[in-house]
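Trainee: I have a list of labels to challenge. Can we go through them one by one?
Mentor: Yes. Take the structure first.

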Number of protein chains: 2
Amino acid sequence: MPQKTIDRRIQRTRQLLQNALSELILQKGYEKVTVQDVIDRANVGRSTFYAHFESLDQLLLSGFEPLRAQFEDFLSGAEFDHESPWALSLTMFQQVQKQQGGYITLTHIQKFLYGYLLDHLKMGMPKRNKNVPPELLAHYVASSFIALMTWWIDNEYPLSAEKMNEIYRQLVEPGTMAIMMGG
Amino acid sequence: MPQKTIDRRIQRTRQLLQNALSELILQKGYEKVTVQDVIDRANVGRSTFYAHFESLDQLLLSGFEPLRAQFEDFLSGAEFDHESPWALSLTMFQQVQKQQGGYITLTHIQKFLYGYLLDHLKMGMPKRNKNVPPELLAHYVASSFIALMTWWIDNEYPLSAEKMNEIYRQLVEPGTMAIMMGG
DNA sequence: TATGTTTCTGAACACTATGTTCGGTTATAC
DNA sequence: GTATAACCGAACATAGTGTTCAGAAACATA
């Protein structure tokens, strides 16, 4: 049973922590950020931090939640059941650029995407071709996507999302299709 | 001016530390290994560790050195100047499997490979096609390779190096060639 | 605006790890 | 055999983690 309203202090605290983490990640990279850094910058008590999150990872994930939920909705929507998995990529490029997600979250997107692709590949792939495990194919398609996304973010979005998506498909689709149709 | 012989104690200490690190990585993954773990298992004094390496990362890198040097030799050899970059991949699969390098070192291989590919792509690519930056192409080819390698290692080499190489080329070559020839 | 509840605070604590220092011990090269 | 270089390990300073708890502050609600 969800609360009607959430205590303003809670919202405030979480927001402060998330903002502090974001800024610190930009400054020195996630690996080097400590809980101490975050609570210092957010000006929040140590115990308060642990009352809300049990680790830095959790705090990071909590910020990613809206984006993740959005993708989940999108992926479970009926509209794409009969489309190929490729229909996803453009939206993903666009969403990531819009939200300026940063590549910190890409790991999570990758896992998510992998699971999705694996399902769809298992359905859509003929039984032949034991040669190439669907897990490998899904891993490749997801990894390639993340690779392009990483380059794109690192270089501060030098091309449009549409162009990136076009390149992605040009690169990945031919080889994948060939193998799926029975290499 | 390099030493004629290296003090046996030095060799012994470094070997012990490297072995200890390898074993610990297999047991619990690099991220969770501490200096304390390493010196305990190697049975080496704390100060001794720091006399040889200034961090765990350095110790890790030192173990990677032979493999890296080998690749460097290989890549700078004349024999492949007129071959396509694809000639590399099989050897790499084979080498990594032989040396049981583990994916810890893959980051370094990737950087290395990226530089190599970028050089060769800039040479071999017509001037047309400003659309797709060679940096992106090199990044993609290197990343895909690392992706397949990662999957292969994670799953404990379920396919032969030859088979992996074949799949890699089937997946990556068509799209890449199409773009290089002027997508 | 009074009240009971929830949240925040911050200091104290136990713990784990890092990296340095230094006097004493041991192995090695020659 | 001896000088030297490497090793040892305990002690120390530093820094981070995660927990606890009593008191202060903010909040929702009526």
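Mentor: Start with a cut-off. A polar contact is a pair of N or O atoms within 3.5 Å. Bear in mind that this is a predicted model.

Trainee: What makes the pair formed by Y50(A) and DNA strand D a polar contact?
Mentor: An N or O atom in the side chain of Y50(A) is 3.2 Å from a phosphate oxygen of DNA strand D. The limit is 3.5 Å, so the pair counts.

Trainee: Which elements supply the surface near DNA strand D with two or more residues?
Mentor: From chain A, helix 1 (8–28), helix 2 (35–42) and helix 3 (46–52) do so. From chain B, helix 1 (8–28) and helix 3 (46–52) do.

Trainee: What other polar contacts does DNA strand D have, for instance with Q36(A) and R46(A)?
Mentor: A polar backbone atom of Q36(A) lies 3.2 Å from a phosphate oxygen of the strand. For R46(A), a side-chain N or O atom is 3.0 Å from a base nitrogen of DNA strand D. Both values are within 3.5 Å, so both pairs qualify.

Trainee: How do you know which residues surround DNA strand D?
Mentor: A residue is near the strand if one of its heavy atoms lies within 4 Å of it. There are 19 such residues, and the closest are T13(B), G45(B), S47(B), T48(B) and H52(B). Of the strand's atoms within 4 Å of the protein, 58% belong to sugar and phosphate.

Trainee: How does that surface divide by class?
Mentor: Near DNA strand D there are 4 nonpolar, 9 polar and 6 charged residues.

Trainee: Now DNA strand C. Which residues come nearest?
Mentor: R9(A), T13(A), S47(A), T48(A) and H52(A), out of 19 around the strand. Sugar and phosphate make up 57% of the atoms of DNA strand C that come within 4 Å of the protein.

Trainee: What makes S47(A) a polar partner of DNA strand C?
Mentor: A side-chain N or O atom of S47(A) is 2.4 Å from a base oxygen of the strand. That is within 3.5 Å, so the label holds.

Trainee: And which pairs come from chain B?
Mentor: Among them, V35(B) places a backbone N or O atom 2.9 Å from a phosphate oxygen of DNA strand C. The side chain of R46(B) has an N or O atom 3.0 Å from a base nitrogen of DNA strand C. By class, the surface near this strand has 4 nonpolar, 9 polar and 6 charged residues.

Trainee: On to the protein pair. How many residues does each chain give to the contact?
Mentor: Chain A gives 26 and chain B gives 26. About 2,100 Å² is buried between chain A and chain B, with 76% from carbon and sulfur atoms.

Trainee: What holds for salt bridges and polar contacts across that interface?
Mentor: The rule finds 0 salt bridges between chain A and chain B. The polar contacts come to 3 residue pairs. On the chain A side, helix 7 (134–154) and helix 8 each supply at least two residues. Helix 7 of chain A gives the most, with 11 residues. That side divides into 15 nonpolar, 9 polar and 2 charged residues.

Trainee: Last one. Why is N165(A) called buried?
Mentor: Its relative accessibility is 9%. Buried means under 20%, so N165(A) qualifies. N165(A) sits in helix 8 (residues 161–180) of chain A. Beyond four places in sequence, N165(A) touches S89(A), L90(A) and F93(A).

Note on methods:
Residues are numbered from 1 along each chain as its sequence is written. Chains are lettered from A and ligands numbered from 1 in the order in which they are written. This is a predicted model: local features need pLDDT of at least 70, side-chain atom pairs count only at pLDDT 80 or more; totals for chains, interfaces and linings use all residues. Side-chain values use heavy atoms; hydrogens and water are left out. A polar contact is a pair of N or O atoms within 3.5 Å; within protein, one must be able to donate a hydrogen and the other to accept it, and residues adjacent in sequence count only if both atoms are side-chain atoms. Helices (H or I, at least four residues) and strands (E, at least two) are DSSP runs, numbered from the N terminus. Ala, Val, Leu, Ile, Met, Phe, Trp, Tyr, Cys and Pro count as nonpolar, Asp, Glu, Lys and Arg as charged, and the others, Gly among them, as polar. Buried means under 20% relative accessible area, exposed over 50%, partly exposed in between (1.4 Å probe, protein chains only). Contact means heavy atoms within 4.5 Å. Buried area is the accessible area (1.4 Å probe) that two parts lose on being put together, summed over both. A salt bridge is a side-chain nitrogen of Lys or Arg within 4 Å of a carboxyl oxygen of Asp or Glu.
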